[in-house]
Amino acid sequence: MDNLEGRIEERRLSEVLLLLARQRGRGILTVQGDQEIIGLSILDGQLVSADALNQSLEEGLGRILTGSGLVSAEVLANLGAEHHAGGGRVVDLLLERNYIGRDTLNAALRDHAYGLCVQVLGWKRGEYKFYRGDEVAFEEGVAPIPIEEVLVRAADELASAELLGALPPSTEEVFEQVDLLDASMAAETLGELLSPGLTSTEPGEEIHSLLDRVDGSRTVGLLARDAGMSDHRARLLLLRMEQADLLRRRQGDVPPSPRRPAFSAAPPADEAKPSSPALAAAPPSPVTVPLPVIEPQSEEPPPPVAKPAPAPLPIRERQRIGPPPWLARLLAAGLLVAAAVYCLPAPWRIYLPFPWHADLRQAFDTERQAGIFLQVDRAARTFFLLEGRFPESLAELEQVGLLPRRGLFAARGGELGYSATATSFSLQAPAGASRTEGIGGNFLLDPEFQARAAREEPPLVLLD
Amino acid sequence: MAGVAAEAPPEPGELELTPQVRSELAGLQESWLDWLSALYQEDAEGTDLALAEMQSGAARMGLRRLPDLSLGAAARAVGAADEGVLEQAELALAAAERLDPGLAEPEFARALVARARGERSLAALVALRHIVGSSLLTRLTLANFGLWMLATLLVAGVVFVAVIMATRGQQLVARLFGWLDPHMPSWACYILTLLLLLWPLLLPAGPMVLIVYWAILLWGHGARFERWVLAGLLLLLGLAPLLVNEQRKRLGVSLSTAALAIEDVRAGRLSGTLFGDLGVLRAILPESPSVRHLLADVQVMLGQWPLARDLYMQVLDEEPENSAAWLGAGVSFFHLGDFERAIGLLQQALVADPGNAAAHFNLSQAYSELLRFDESARALRDAQRLAPQTVSRWIREAAESRVIATGEGLERTAQIRRQIGAAWRSGEVKPSWYLSLPPAVLFVAIAMVLHLLVPAKKSSARDQPDAVPAPNRWARTFLPGYAEVEARRPVAAFAALLVPCALVALPLVVRSAFRLPWLLVPASQLSWWVTGVGLVLWALVRFLRQKRRPVRISMAGAK
């Protein structure tokens, strides 16, 4: 783990995070992009805080708080000025002045860390390095964010299939089992490969408990509840099982899964519930994740609320719809079908496909036809040897087993034409080649041969 | 008469046969009829007698195998088994195997007879060994094997292009779509994209043109090794016609009447058409000393000494350094009783080749006939000095044949085959095989240019070209090459395609290959069986391997 460093182009950051989660890493993962360096503090494999070189905590936190309308920009500016003048940390001042409560601050810090993590997950280039250390600094009371939550929420918000290999399922989707080739082995393997990354001590059991509950009717949310795990965890596990072909999403009877709109990350059910309509109108920056609305603890009237920016269109709607991913596969299947249709009736087209091969095909067929004629010729002569005549048809040769069925056909298909006389037979291929054979000269078939031999025998002359 | 349809044989003057040889041949026909008659009567003694007559008759002509009669006996065995006369079938089978032990058909017949009895026999499979024993069958089998390999590579190449399209094609389609998208509505984009991708189907040989077209289009989306495979496919597609044409020419000669006759003589087979076929050979190459030499050796085998003598002398007119021809001429004069002339010719043989032990030995025999025993003994010593063991064998054989004919003319087969090929090609309509060369060069040139212009993608399993969902386990199991291409392992992908493609190509190649002229074949659908069983086994192996293999899932996403 000490040597965990490399480039994002070579290893995705999501992999690195899952690895740290699996190893329950503790330390700081620094990621240097083109214009920014971000450090992610990891405690026992979970994200606890994040810092950016070009963006102070105060700036990031301020953006979140103003974006959610909890603190006005003016107040933050004043507190910032006080901070610079040596008046203490902005977060402390916020608490001291009762602008926000401790829980709200922790939630904001949590979302700040999450936002920076999402930002860094979106980078295509950069270097990362993990500095292991026993001491990890983070604000007391901030609930660590499990890596699966970070990744699943990020995949949702970025609408990125790239991050996890596919879009994670929504809590409303329904899964069914594909096949059970060897569920136990697959689950075990999945456990080895994935679940440690999900910080489970008993991954196999967890996967089994999910697998056992998948019945084609329960939604992902229900499965998570029944299996006693968070929605994010269940969604990631189900996605991985789907990728391992243990499960598939039911199509057709399930309405398209309602994706959460971009940047409206809601915490899990066991965390504070978002409810403010202002949250949906949060600014588009990845780091401006809205906070759950928590009533200010102060009795004083809240400071002026910053006017929320207009809500951006969801990413998907901004894009033109491209060709469906199955189109290329359909084209590939079409190519195979077309090639089969082209070659099956005339298999020699495999080697001689093009129009300029026509006379070569003709010559090739002529040679093949010679082999066919030779076979029929041998069969017909053998028939003659036994019967004293040539067969009346080629079917007769097939009936006595001399010729195989395909021996009746010419090189290019089509039945061979055949006619016989008492002393000869003729073969005619549909393409035009023909051949006539007879018994003349064949000392085994020609009855005249014997007679001629007798005539040519030198006479026996008796001399007195 | 065996031969080739396209061949326009000259009027085949049958080889000259003396009345004695004709009588021997007629005796074979008579013995065959005797054998048939005895067989129908299930007279085992009679069949044995007739069989011995046939074999000794052939042996007197220097030939020991009677393939036509063996085929006839095998066919009769099958007929008898069908009629339920199994004893007759066994007699016929035994005769077939004795008449020509080198034929596969008697063993095929044995399998059919066993089947008629309700038994199973592996005789048909065992018979396949005869492919090695027959020059023609070996050539046909090798040629067909070559065609099968070619078809396998081409089919695998076609499937490889399809797999590349299935895995990487989304990028290509998306790029085309992206170009068109700003300028027209979506439905028009779809139509135009499909038209741009599929227009080659409208051409003659459309699917094959489409393969070339897609291989070029997908070039930019392939990794380095994928490109090598694609380039190999294009090259093979261009060169395949040249390879097929070469095979065709070789087999054309092998299947010709003349070449078949030569093979018969070399193998000691006396077929009913042998002398007519040798006449065809002489008519095709009337001036060839090689053919004359071969025919002279045939005449020696038949014991037609005057004919042999004349042919040897004609050979010597053309090839005065031909020691074997001098030897053959000497042997002919010896048998004609002209020992003085024989001695002169044999001495010429020694001038041409002083190390010719047979010439020394025959010289010794000729001196002996003229009672010149000192010279005879000296010549014999010379022969023994050169080849002691061989001469000892000759001495034992000399009681029967007196002098030794080496039959070197029969060894000039390769030379004669080349001459037949040359004579034949000069008369045939030349197929424009050369038209295949420019496309091959063009394909490779395109590949090279693309390779230089478009940088190859790095081969990396982590490289996710698009967000196409991964195929499920069944697809990975039964779509060979798919998972490998996705993992950027093109060589492994192509290798994975070879076995199923070879199996699929087998029945296709059998339909388009050169037919082995076998009769009485027990299983004519063997290739389909091999393909069916092979594919099932292949699928089973992949299934089991897939089952045992750990589920590999990239932490970054699906493969």
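**Close-up views of a predicted two-chain model**

**Salt bridges across the model.** A search of the whole structure finds 42 salt bridges over all chains. Each is a side-chain nitrogen of Lys or Arg within 4 Å of a carboxyl oxygen of Asp or Glu. This is a predicted model: local features need pLDDT of at least 70, side-chain atom pairs count only at pLDDT 80 or more, and totals for chains, interfaces and linings use all residues. Residues are numbered from 1 along each chain as its sequence is written, chains are lettered from A and ligands numbered from 1 in the order in which they are written, and side-chain values use heavy atoms, with hydrogens and water left out.

**View 1. A:R26 and A:D44 form a salt bridge**. The N to O distance is 3.1 Å. The pair links distant parts of the chain, 18 residues apart. A:R26 sits in the loop between helix 1 (13-22) and strand 2 (27-32) of chain A. A:D44 lies in the loop between strand 3 (37-43) and strand 4 (46-52). Helices (H or I, at least four residues) and strands (E, at least two) are DSSP runs, numbered from the N terminus. A:R26 is partly exposed, at 29% relative accessible area. A:D44 is partly exposed too, at 32%. Buried means under 20% relative accessible area, exposed over 50%, and partly exposed in between (1.4 Å probe, protein chains only).

**View 2. A:D156 pairs with A:R235 in a salt bridge**. Their closest N and O atoms are 2.6 Å apart. The pair links distant parts of the chain: A:D156 is in helix 6 (residues 147-157) of chain A and A:R235 in helix 10 (residues 231-243), 79 residues apart. A:D156 is buried, with a relative accessible area of 7%. A:R235 is buried as well, at 2%.

**View 3. Helix 9 of chain A turns its buried residues to one face**. The helix spans residues 220-227, and its buried residues are A:V220, A:G221, A:L223, A:A224 and A:A227. Seen down the helix axis, these buried residues fall within an arc of 165°, so they line one face of the helix. The arc is that of the directions from the helix axis to the C-beta atoms. Just after helix 9, A:G228 takes a positive phi of about 70°.

**View 4. B:R65 and B:D100 meet in a salt bridge**. The closest N and O atoms are 2.6 Å apart. The pair links distant parts of the chain, 35 residues apart. B:R65 lies in the loop between helix 2 (44-60) and helix 3 (67-83) of chain B. B:D100 is in the loop between helix 4 (86-99) and helix 5 (105-116). B:R65 is buried, at 17% relative accessible area. B:D100 is buried, at 0%.

**View 5. Four residues of chain B share a salt-bridge network**. The linked residues are B:E90, B:E97, B:R110 and B:R117.

**View 6. A nonpolar patch lies on the surface of chain B**. B:L526, B:W529, B:V530, B:V533, B:L537, B:L540 and B:L544 make a patch of about 660 Å². Patches are made of residues with over 30% relative accessible area and no salt bridge: like charges are joined within 9 Å, nonpolar side chains (Val, Leu, Ile, Met, Phe, Trp, Tyr) within 5 Å. B:L537 is found in helix 26 (residues 526-548) of chain B. Chain B has 26 helices and zero strands.

Key: Areas by Shrake-Rupley, 256 points an atom, 1.4 Å probe, with all protein chains shown as cover.
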